[in-house]
Amino acid sequence: MNIEKLTQVRDTILRNPKLVDMDCYFMQTECGTAACIAGWATWLALTKSEREEIDTYGSHESYYFAGKSILGLTDKQADKLFYLSDWPVSFLVDYIKCVNRGNSPAKIVAARIDHFRKTGK
């Protein structure tokens, strides 16, 4: 697990709270390109010219595997971090409540990353 890159993703999410969406790898919004944890890991690893050419409708597998590789995760670790359905229940419930209220889930996603960095779960 690459703690430095996970920290970079967490910090980017906290600096861009309107651009966090765990339901998609990349999505164009009026505020810019929103992304999930794997999407942000991939985005941060790209050069500026690569970012301009990114296909926001790219295949699920390509962003999953890119994020997994960049963050140095096993398949099991990637699933636990990237898929809401594999998150600990407390984080999942907080995420759903936050989104249902129309709020940014950035702080919850950042807390999930912190928990994962500390526990691997």
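Which residues does Phe82 touch, not counting residues up to four places away in sequence? Keep that one in mind, everyone, and good morning. One caution before we start: this is a predicted model.

So, the answer. Phe82 touches Met22, Ile37, Ala38, Tyr64, Gly67, Lys68, Leu71 and Leu73, again leaving aside residues up to four places away in sequence. Phe82 also turns up in the largest nonpolar core, which has 34 residues. Within that core, Phe82 is one of the residues that touch the most other members, together with Ile13, Ile37, Leu71, Leu81, Trp87 and Val109. Two or more core residues come from each of these elements: H1, strand S2 (32-35), helix H2 (37-45), helix H4 (60-71), helix H5 (75-82), H6 and H7.

Let me step back to the overall fold. The protein has seven helices and two strands, and along the sequence the pattern reads α-β-β-α-α-α-α-α-α. There are 121 residues, and 41% of them are buried. Looking at contacts with a separation of 6 or more, 54% are between residues 24 or more positions apart.

Now to the helix packing, starting with the two ends of the pattern. Helix H1 covers residues 3-15, and its axis comes within 9 Å of the axis of H7, with a crossing of roughly 165 degrees. Angles over 145 degrees count as roughly antiparallel, so H1 and H7 are roughly antiparallel to each other. The crossing is left-handed. On the H1 side, the contact is made by Ile3, Leu6, Thr7, Val9, Arg10, Ile13 and Leu14. On the H7 side, you'll find Ala106, Lys107, Val109, Ala110, Ile113, Asp114, Phe116 and Arg117. Sorted by class, this contact has ten nonpolar, one polar and four charged residues.

H7 has another partner, helix H6. H6 spans residues 89-100 and H7 spans 106-119; their axes come within 10 Å and cross at roughly 165 degrees. H6 and H7 are therefore roughly antiparallel to each other, and their crossing is left-handed. Here Phe91, Asp94, Tyr95 and Cys98 of H6 meet Ile108, Val109, Ala111, Arg112 and His115 of H7. By class, that contact has six nonpolar, one polar and two charged residues. If you are following on the structure, look for Val109: it appears in the contact with H1, in the contact with H6, and among the core residues that touch the most other members.

Next, a pair of lysines. Are Lys68 and Lys107 buried or exposed? Lys68, in helix H4, is buried, with a relative accessible area of 17%. Besides Phe82, Lys68 touches Leu73, Thr74, Asp75 and Ala78, not counting residues up to four places away in sequence. Lys107, in helix H7, is exposed, with a relative accessible area of 69%. Lys107 and Pro17 are 90 residues apart in sequence, yet their C-alpha atoms are 7.9 Å apart in space.

One last stop, back in helix H4, where Ala66 lies. Ala66 counts as partly exposed, at 23% relative accessibility. Its C-alpha is 7.5 Å from that of Ala38, a residue 28 positions away along the chain. And Ala38 brings us back to the opening, as one of the residues that Phe82 touches.

Thanks for listening, and I'm happy to take questions.

How values were computed
Residues numbered from 1 in each chain as written. Predicted model: local features only at pLDDT ≥ 70, side-chain atom pairs only at ≥ 80, totals over all residues. Heavy atoms only, no water. Axes fitted to C-alpha atoms, helices over the stretch in contact; angles between N-to-C directions. Helix = DSSP H or I, 4+ residues; strand = E, 2+ residues; numbered from the N terminus. Parallel < 35°, antiparallel > 145°, perpendicular 65-115°, else oblique. Left-handed = near helix turned anticlockwise from the far one by under 90°. Contact = heavy atoms within 4.5 Å. Nonpolar A, V, L, I, M, F, W, Y, C, P; charged D, E, K, R; others polar. Core = buried A, V, L, I, M, F, W, Y, C linked by side-chain atoms within 4.5 Å. Buried < 20%, exposed > 50% of the residue type's maximum accessible area, 1.4 Å probe, protein only.
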